[in-house]
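Biologist: I should like to understand how the terms used for this predicted model are justified. Please display the structure, and let us begin with a hairpin.

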Amino acid sequence: MRLTLLLTMFFSFTAIASVSSQSVTLKLENASLRETIKELKNQTGVYFVFNEEEIANLNVKLNMVLTNEPFEKALDRIFEGLPLSYEYAEGVVIVKPTPQKKDDVKLKLIKGGFYQFHFLFLA
């Protein structure tokens, strides 16, 4: 039983390490993000999870050349400047909107007479 568990863990970690050490070669000319994700999946076998509507609404056209770029660095370059972020774990990339920064939240105190009001403004 222990041997089976150890072998399963070993092969799982080996598979994960091999994907993260893969290199990606892409030539993107006015490519949509969806097309780019599809090509990344074809090259690496990594699955992508994303909201189809959010990707389509971006209407982004990518222009870049990636030659033997490590997989995670390629993801960094593709998502750079987009209002999206990603998490990569166990052979799956989850694409999601970039969370709002906490610095954008402002609290204002308005005093007057006997009352104090606190207002929360999102910038």
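Biologist: In the hairpin of β4 and β5, which residue takes a positive phi?

Modeller: Glu90 does, with a phi near 50°; two residues lie between the strands of this hairpin.

Biologist: What makes β4 and β5 a pair?

Modeller: Two strands pair if there are at least two bridges between them. Six bridges join β4 (residues 84-89) to β5, so the criterion is met. These two strands run antiparallel, and Tyr86 stands opposite Val95 in β5.

Biologist: How do you know that β2 and β5 pair?

Modeller: Three bridges join β2 (residues 47-49) to β5 (residues 92-97), and at least two are required, so they pair as well. Here the strands run parallel, with Phe48 opposite Val93 in β5.

Biologist: Why is the pairing of the sheet called mixed?

Modeller: The open sheet has the order β2-β5-β4. Its pairing is mixed: β2 and β5 run parallel, whereas β4 and β5 run antiparallel.

Biologist: What makes β2 and β4 the edge strands?

Modeller: Each of them pairs on one side only.

Biologist: What packs on this sheet?

Modeller: Helix α4 (residues 71-79) does, touching β2, β4 and β5. The direction of α4 makes about 165° with that of β4.

Biologist: Where is confidence lowest, and where is it highest?

Modeller: On the pLDDT scale from 0 to 100, helix α1 (residues 2-20) is lowest at a mean of 48, and β2 is highest at 96. The chain averages 79.

Notes:
Residues are numbered from 1 along each chain as its sequence is written. This is a predicted model: local features need pLDDT of at least 70, side-chain atom pairs count only at pLDDT 80 or more; totals for chains, interfaces and linings use all residues. Side-chain values use heavy atoms; hydrogens and water are left out. Helices (H or I, at least four residues) and strands (E, at least two) are DSSP runs, numbered from the N terminus. pLDDT is the predictor's confidence in each residue, from 0 to 100. Contact means heavy atoms within 4.5 Å. Axes are lines fitted to C-alpha atoms, for helices over the stretch in contact, and angles run from 0 to 180 degrees between N-to-C directions.
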